Amino acid sequence: MTNYKPLLMKLGTAEDGSDYKLDLTETNGLLIGGRTGSGKTVLMFDIIHELAKNNSSRNCEITVVDLMGVDYGYWKGLPHFRRSISKMDPKGAFNYLIWHCNEILERYSFLTLQKLDSIEQFNEKSTYKMPYCVLVIDEYCDMMNICAQSPIGHEWFHRCIETMTTLGP
């Protein structure tokens, strides 16, 4: 077992001056909240930068659902992104979330058949490396509202979140 932690990221500095770090593989999710101008987007940029810096695009795939299409254009062309960053129409974002959920369910089924609990366990035993998938939803509340407008949207959204919590990135 190596000490390499692919989804370890610095979130800030503790009162004693030490780095405050979070391993996304251990938490399976991170919700960043705050009022306008409080630095949420800056923190997200730092997280994306750190993930891209510490991982190859074959090891960590990042998906950003940016409904407004304002903040993430800077990252266009980064090989870690599975989808180009642009303003997503609500229906497209919803359909992409369903696709992402299905992919996570397929991974979960595959790992279950292999009698493994995590991507990390699979990667330790296999010559083929399964990449981590990091999903960033900018304006999470807006995405929830979009999903709630569809008869199956609310169910799919929560199923996706629950599956990500079970399996992890």
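1. A good place to start is K10, which is partly exposed, with a relative accessible area of 33%. Please keep in mind that this is a predicted model. The partner of K10 is D19: their side chains meet in a salt bridge, 3.2 Å from N to O. D19 has a relative accessibility of 42%, so D19 also counts as partly exposed.

2. How many salt bridges are there? The count comes to four, and two of those to look at next involve K5. One joins K5 to D23, where the closest N and O atoms are 3.8 Å apart. K5 sits in the segment before β1 (8-13) and D23 in strand β2 (residues 19-23), so this bridge ties together parts that are 18 residues apart in sequence.

3. K5 also forms a salt bridge with E26, with the closest N and O atoms 3.6 Å apart. Because E26 belongs to helix α1 (residues 24-27) and K5 to the segment before β1, the pair connects parts 21 residues apart in sequence. Taken together, K5, D23 and E26 are linked in a network of salt bridges.

4. Which members of this network are buried, and which are exposed? D23 is buried, at 7% relative accessibility, while E26 is exposed, with a relative accessible area of 59%. K5 counts as partly exposed at 40%.

5. Now for the aromatic rings. A search of the whole structure finds two aromatic pairs. In one of them, the ring centres of F110 and F122 are 5.4 Å apart and the planes stand at 70°, so the pair is edge-to-face. F110 lies in helix α3 (residues 90-113) and F122 in helix α4 (residues 119-125), so the contact ties together parts that are 12 residues apart in sequence.

6. F122 pairs with Y128 too: their ring centres are 6.1 Å apart and their planes lie at 70°, which makes this pair edge-to-face. Ring pairs thus link F110, F122 and Y128 into a cluster. Within this cluster F122 is buried at 7% relative accessibility, F110 is partly exposed at 32%, and Y128 is exposed with a relative accessible area of 53%.

7. Finally, have a look at the cysteines. The count of disulfides comes to zero. C60 is in no disulfide, and the nearest cysteine sulfur, that of C133, is 8.2 Å away. Since a disulfide needs two cysteine sulfur atoms within 2.5 Å, this spacing does not qualify. C60 counts as buried, at 0% relative accessibility, and C133 is buried as well, with a relative accessible area of 9%.

How values were computed:
Residues numbered from 1 in each chain as written. Predicted model: local features only at pLDDT ≥ 70, side-chain atom pairs only at ≥ 80, totals over all residues. Heavy atoms only, no water. Buried < 20%, exposed > 50% of the residue type's maximum accessible area, 1.4 Å probe, protein only. Phe/Tyr/Trp six-rings, centres within 6.5 Å; stacked < 30°, edge-to-face > 60°. Helix = DSSP H or I, 4+ residues; strand = E, 2+ residues; numbered from the N terminus.
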